[in-house]
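Got the viewer open and a selection box ready? Here is a walk through the model, one pick at a time.

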Amino acid sequence: MADAEQTARAFKTGWFAKAARKARIKDAELFEALQEVIKGQADDLGGGVFKKRLNKNMHRSIILAKGGRYWIYEYLFAKKDRQNIADDELEDFRTLAKGYAMLSEEQIARLLEDKDLTEIWHDDEK
């Protein structure tokens, strides 16, 4: 996975950014959690969907991946509110991951410009 780590970029959706801010989860924690996901320390739900614990195990995040290159924090929920996502939600996330996999660099740039995505890490810009 070294190649993936060298070119990895991480984003959060506008919805996720708002939920993370409310839960007081900082980008630094998201970065650290993503490094663990890249190393295989997360629940791989298949189809480019990963579940990772955040905020001292108080929250769960759903991360969508594009070939190990783009990682998108998509959804956040409190462990106290629900144990897991439903099967139909998982299918929706898998479909969304496929959609993200089809995006071009220009489309990613447009999503950033429109503030639909916020970049939290770009390995090439360290």
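**Stop 1: Tyr73.** Select Tyr73 and show everything around it. This is a predicted model, and in it Tyr73 touches Phe11, Lys12, Thr13, Phe16, Leu30, Ala33, Leu34, Leu54, Ser61, Ile62, Ile63 and Ile120, even with residues up to four places away in sequence left out. Keep Phe11 highlighted for a moment: a second, separate core of 16 residues includes Phe11, along with Leu64, Tyr75 and Leu103.

**Stop 2: the largest nonpolar core.** Now add Leu34, Leu54, Trp71 and Leu76 to the Tyr73 selection. These five touch the most other members of the largest nonpolar core, which has 21 residues. Colour by secondary structure and you can see where the core comes from: α2 (14-22), α3, β3, β4, β5 (70-78) and β6 (117-122) each put in at least two residues. The largest share, five residues, is supplied by α3.

**Stop 3: Ser61.** Next, pick Ser61 on strand β4, residues 59-66. Is Ser61 buried or exposed? Its relative accessibility is 0%, so Ser61 counts as buried. Show its contacts, skipping residues up to four places away in sequence, and you get Phe16, Phe50, Lys51, Lys52, Leu54, Tyr73, Tyr75 and Leu76. Some names come back from earlier stops: Leu54, Tyr73 and Leu76 are among the best-connected members of the largest core, while Tyr75 belongs to the second one.

**Stop 4: the loop before β4.** Step back along the chain to the loop between β3 (49-54) and β4, where Asn55 sits. Put up a Ramachandran plot if your viewer has one. Asn55 has a phi near 55 degrees, a positive value in a residue other than glycine. Asn57 lies in the loop between β3 and β4 too, and its phi is near 70 degrees, again positive in a non-glycine residue. Now switch on the surface. Asn55 is buried, with a relative accessible area of 14%, whereas Asn57, at 31%, counts as partly exposed.

**Stop 5: salt bridges.** Hide the surface and show charged side chains as sticks. How many salt bridges does the structure hold? There are eight, and three of them are on this tour.

Start with Arg9 and Glu105, whose side chains meet in a salt bridge at 3.2 Å, N to O. Arg9 is in strand β1 (residues 9-13) and Glu105 in helix α5 (residues 105-113), so this pair ties together parts that are 96 residues apart in sequence. Arg9 is buried, with a relative accessible area of 10%, while Glu105 is partly exposed at 34%. Add Glu119 to the selection as well: Arg9, Glu105 and Glu119 are linked in a network of salt bridges.

Then go to Lys12, which forms a salt bridge with Asp27, with the closest N and O atoms 2.6 Å apart. Here the link runs from strand β1, home of Lys12, to helix α3, home of Asp27, across 15 residues of sequence. Lys12 is buried, with a relative accessible area of 11%, and Asp27 counts as partly exposed at 31%. You have met Lys12 before, as one of the residues that Tyr73 touches.

For the third, select Glu36 and Lys52. Their closest N and O atoms are 2.7 Å apart in a salt bridge. Glu36 lies in helix α3 and Lys52 in strand β3, so the pair ties together parts that are 16 residues apart in sequence. Glu36 is partly exposed, with a relative accessible area of 33%. Lys52 counts as buried at 10% relative accessibility, and Lys52 is also among the contacts of Ser61.

**Stop 6: Gln41.** Leave Glu36 and Lys52 displayed and add Gln41. Which residues is Gln41 in contact with, leaving aside its neighbours within four places in sequence? Exactly that pair, Glu36 and Lys52. Gln41 lies in the loop between α3 (27-38) and β2 (43-46), and at 45% relative accessibility it counts as partly exposed. To finish, draw a distance from the C-alpha of Gln41 to that of Arg53: the two are 12 residues apart in sequence and 9.9 Å apart in space.

Methods. Residues numbered from 1 in each chain as written. Predicted model: local features only at pLDDT ≥ 70, side-chain atom pairs only at ≥ 80, totals over all residues. Heavy atoms only, no water. Helix = DSSP H or I, 4+ residues; strand = E, 2+ residues; numbered from the N terminus. Buried < 20%, exposed > 50% of the residue type's maximum accessible area, 1.4 Å probe, protein only. Contact = heavy atoms within 4.5 Å. Core = buried A, V, L, I, M, F, W, Y, C linked by side-chain atoms within 4.5 Å. Salt bridge = Lys/Arg side-chain N within 4 Å of Asp/Glu carboxyl O.
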